[in-house]
Structures are given as C-alpha cells and as structure tokens.
Amino acid sequence: MAITNQPAEDSLYSAYSQIPVETDNSTSGLEIKTQNFDEDNMVSLNIIDNKAVEVLDNSGGSSNDYSVKFPLRRKVMPGEWYAFKVYRGAGVGATSLTVALFQGTSSGNLTTVIAKTNIPIGDNMTWRVQIPKIVTAGSPRDFLVIFAGIEGATAGVKVTLSDMSLAYGKNFVGYSPSPVKAANSLTESIDIYRDSGFGTTKKYDLRFLAKAGFRDDRLRTFPYTNQLIGFAIDYSLISAYAYRGIGDQNFNVRYASRGVRARGYNANFTESYLGLVLTDRVPDNDRNLYVKKYYGYPYYVTLFPRGFLGSPNIATSVDVWVKLHDGAENQFEISTRLSIPLVYEFEDEASDEADYVKLRLPVSAYSSQAWNIIFVDTEIPCNPFYIRWINQKGGWDTYMFEQHKKYTQEVGRGDQYVLANSRGPYASQTRGELAPEFKNIVQAGAEQLDENDFNLLKGIALSPLVQRYNYSVKAWQRVLVNDTDLTWDTKTPRNTVSYEFQLIDEQTQW
C-alpha cells in the first residue's frame with residue numbers, strides 16, 4: 001500500500017486548482033482529517049514532532065549516552081541556519097546538556113555528526129547553528145538529538161524540557177505542535193474510497209479539503225519570539241489539509257493558498273516564482289514600488305520567502321529591512337525554506353507607521369529580484385472607501401478609491417401580518433412587519449489609469465475575498481462584488497474601472 005503521487009512537502013497549491021493525489025491499486029482509499037476551531041493549527045514553523053513537555057528520564061539508568069531523536073522531514077542544506085529554543089529546562093543530576101544534529105539511516109541509526117553544542121539547563125535555552133559547507137547530502141535522514149545531560153555522562157540524569165522548538169533560519173519561534181503532530185491529534189476524520197478497475201492507480205483531487213481548511217475568523221499568529229519581526233501567519237491567506245492512505249501511520253500535511261492562478265499557469269505557487277512579495281503591483285526598473293498610505297488605515301506587505309527564481313541551496317535566506325517612521329531601521333533574515341506567505345500589517349495610528357520595507361537575496365546573481373517598497377503619505381479623500389483583497393498571487397493588496405463614488409440603499413420591505421389583537425377597540429397597532437432587507441451599495445471607480453494600476457484593480461473581480469475597512473469600528477468587513485465594468489483602450493488614455501460593492505447587511509431589530 002502506498003501513495004504514489006502527491007504534492008511535494010514544500011509545495012503551495014492554489015485551493016481553486018486541482019490538487020492531485022494518487023495511490024496504488026492496493027490502497028483502499030484516503031483518510032482525511034478535518035479541524036475544529038479549538039484544536040491546534042496545522043500551520044506551524046516548528047519542524048520537530050515534539051510534545052509541549054519532553055522528559056528525558058535516565059535517573060535509573062547507567063547509559064552515558066542516553067538521548068532522544070527527532071527526525072527532520074527535509075534534508076539539511078549546507079549553509080542554511082537552524083534555531084533551537086527551549087522556554088524552560090530543569091535537570092536532576094546535570095547542569096548542562098548536549099544538543100546535536102546528526103545524519104542517519106532511514107531506520108534511525110545515527111552515523112555522522114553535523115553540528116554539536118552544550119547548553120546550560122535553565123530558562124531560555126537557545127542554539128543557532130549553521131550547517132557546515134562540507135556536509136554532504138548522502139544520508140537518508142537527518143536528526144535533532146538531545147542528550148539527558150552532557151554526552152558521555154548521562155547516567156542517573158533526568159531532564160525536563162518545556163516548550164521546545166526547532167525552526168528554519170536564525171529566528172527562534174515559540175512552541176506549537178508541528179504540522180504532523182497537530183494533524184495526528186485532530187479528533188475528526190473522514191474516509192474516501194475508490195473502486196479498483198480504473199488502471200493501476202487511484203486518483204483524488206483534494207482541493208475541496210484545502211478550501212474547507214480556511215479559518216478566517218482566527219487571529220493572526222506571530223511565530224517569531226523576536227518582537228521586531230512583525231511578519232505573521234494570516235489564516236485568511238493560507239490553509240492546511242491532512243491526508244494519509246488508509247492503513248498508513250502518519251498524516252501528510254500540505255498547505256494551500258487563496259491565490260487564483262490564470263489558466264495555463266502552474267497551480268503550485270512554489271514552482272511559479274511569484275516573487276518575494278505577493279502583490280499585483282509592479283516595481284519600476286530600479287525595483288522601487290511606491291504605495292500610498294493613509295493615516296488611520298492599515299496597509300500590508302505579504303512576503304513569500306520561497307517565491308524567488310533560483311535555488312534555496314544557493315540563497316538560504318531573505319534579508320529584510322523595515323524602517324518605521326521616527327524609528328531605527330530593523331534588519332533580520334527569514335529562511336527561504338518557508339513556502340507560506342507571511343504578512344506584516346502597518347497602521348499609522350497604532351504607532352506602527354512604516355517608511356519602507358526592503359527585501360534582498362544575499363546572492364549577487366539574484367539582485368534583480370530585490371524589492372524596495374516605499375510608502376507615501378497621502379491625504380485622505382472625502383468619503384473614503386478603502387478596500388483590501390486577496391490578489392491573484394495569494395497576498396493582500398489595498399486601494400483607496402479617491403475619485404467618483406456613489407452610495408445607494410435598496411430596501412425590500414418585509415411581509416405584513418395581522419396582529420391577534422387587531423380587532424380590539426383600544427389596540428395601539430393592528431399590523432406588524434417581518435424584518436425588511438437592506439442592501440447598502442457603493443459604486444466606486446477610477447479613471448486615467450496606467451497599465452499597472454489597471455491590472456492591479458481588475459484583480460478585485462477575481463478575488464475570493466474583498467473587504468472594506470470600516471474606520472468607525474476599526475474593522476475589516478466583507479463586501480460582495482455585484483457588478484464590474486473594466487475598460488482598457490490602447491488608442492486612448494481613458495482606461496477605467498468601475499465596481500459595485502454590496503456592503504455588510506444592516507442589523508434589523510424587528
């Protein structure tokens with residue numbers, strides 16, 4: 001029994017395209033896990049399958065090399081960084097412990113040391129390690145190995161480690177269950193069966209599961225413990241889905257995007273080289289992108305670390321510079337191993353006003369893929385109508401309609417009914433009305449657009465999620481696109497877009 005074809009572990013498929021999985025004929029079907037809102041999320045930057053509390057108990061043993069092994073699901077690459085963190089450790093019989101990365105066999109036997117260090121046991125135990133350039137990729141598996149004390153002196157030692165994590169890159173992450181561990185602990189599952197007789201394989205399309213996995217009403221997750229790194233996981237942009245062949249041991253966890261790829265393009269965003277920034281805006285020849293910002297209205301940068309054209313074996317990280325207004329420039333790196341979008345939200349009223357965000361790959365051959373996103377202060381128009389939408393690449397874009405806007409309200413009166421006391425001589429009312437239906441409509445558009453702005457705004461019609469910012473309550477509210485009128489005329493500069501948006505329904509109290 002085996003899965004013979006499936007999305008690669010580092011893939012990011014569009015949830016609106018086919019997500020193919022194939023098994024051999026002897027596999028009866030697929031088991032699929034679904035997720036409740038109060039369960040651990042399968043989107044996690046922790047790459048080891050550990051519990052929140054790990055106990056290494058050799059207190060009654062005589063072995064001097066007592067350890068636990070955590071297999072890494074992907075092979076290490078020379079030059080890349082890993083960040084190991086334990087929130088709190090406690091030891092009986094030892095004050096330090098040995099942590100190492102090993103190469104090993106598929107059966108779990110350790111063969112070659114990649115890197116090793118000793119860490120004092122206590123609060124905030126950390127280790128940053130870069131894979132040496134001399135490491136070869138010959139071994140079947142790699143492992144994180146933790147000894148119960150110092151290697152060679154673990155007899156009679158007991159160590160307790162709380163909230164341990166291992167992440168790609170130099171930045172430490174807080175503990176959360178790994179994607180596989182979170183999937184294995186989910187409580188609800190369904191089975192899908194295929195009959196034999198259709199060749200040597202059975203084929204499935206899991207896009208229904210990917211679409212069902214979005215969790216819009218959850219808050220964003222800030223995985224990095226460094227507070228200067230404002231990039232977060234936004235569950236409106238990415239979902240996780242889990243499946244395994246019936247009878248298999250572990251679930252396969254994959255991620256899906258809400259981006260919509262044009263027909264004829266690869267539905268796997270990781271192989272589509274969308275760029276480091278998921279936006280439909282286009283930078284100029286100097287890689288500068290100027291974006292308007294309005295005081296009191298949020299704006300975003302959606303980073304896709306694996307979106308560049310090139311090899312992650314060569315460029316193992318993205319260099320990021322963020323300059324907040326009246327603040328120092330912050331610089332950090334994010335691993336290119338990450339094939340999920342990360343979102344940075346800026347909001348001027350919250351003292352989070354940005355001047356620019358710069359992104360670079362630390363390889364001169366990839367300099368043409370840099371981004372310089374420069375935010376420009378802009379006066380708020382009368383009757384502002386500010387929206388954000390998930391663009392075709394799967395990131396957030398925003399736009400303030402500054403030109404013509406038209407607000408209308410359509411009311412469908414509710415049915416009337418006669419009250420039971422309508423014939424009473426002293427009745428104060430004789431008829432009631434069922435709740436009427438209110439439709440608030442906004443018609444907004446823009447004229448004299450260049451090609452870049454026109455292509456940006458036409459993506460609103462294709463977006464799976466469009467929201468309008470309600471400044472009075474400081475919240476995004478979903479709007480529906482009722483009507484679209486796009487005109488691109490190469491003979492004249494009168495390139496226009498016009499949209500009709502239906503706002504969130506009014507609350508009716510009767």
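A strand is a DSSP run of E of at least two residues, and strands are numbered from the N terminus. The exercises below use this term for a predicted model.

**Exercise 1.** Find which strand gives the largest share of the lining of the largest cavity, and describe that lining by class.

*Solution.* Begin with the cavities themselves, of which there are three of 30 Å³ or more, and pick out the largest, which holds about 110 Å³ of space. Next, look at the wall of this largest cavity, where 15 residues form the lining, and where T279, R281, V291, Y300 and D397 lie nearest the centre. Then ask where the lining comes from: at least two residues each are supplied by strand 17 (288–293), strand 18 (299–303), strand 23 (371–377) and strand 25 (396–401). Of the strands, strand 18 gives the largest share, which is four residues. Finally, sort the lining by class, which yields 10 nonpolar, three polar and two charged residues.

**Exercise 2.** Work out in which sense strand 32 pairs with strand 29 and with strand 31, and name a bridge partner for Q443 and for T487.

*Solution.* Take strand 29 (residues 437–446) to begin with, and follow its pairing with strand 32 (residues 496–502), which is antiparallel and runs over six bridges. Within this pairing, Q443 has E500 of strand 32 as its bridge partner. Now turn to strand 31 (residues 475–487), which also pairs with strand 32 in the antiparallel sense, over seven bridges. Here the bridge partner of T487 in strand 32 is T496. Strand 32 is thus paired in the antiparallel sense with strand 29 and with strand 31.

Notes
Residues are numbered from 1 along each chain as its sequence is written. This is a predicted model: local features need pLDDT of at least 70, side-chain atom pairs count only at pLDDT 80 or more; totals for chains, interfaces and linings use all residues. Side-chain values use heavy atoms; hydrogens and water are left out. Two strands pair if DSSP finds at least two bridges between them. On a 1 Å grid over the protein atoms alone, a cavity is a set of points where a 1.4 Å probe fits but cannot get out, and a pocket is an open set with protein on both sides within 12 Å along at least five of seven lines; lining residues have an atom within 4 Å of a point. Grid points are joined across faces, edges and corners, and a volume is the space filled by probe spheres set on the points. Ala, Val, Leu, Ile, Met, Phe, Trp, Tyr, Cys and Pro count as nonpolar, Asp, Glu, Lys and Arg as charged, and the others, Gly among them, as polar.
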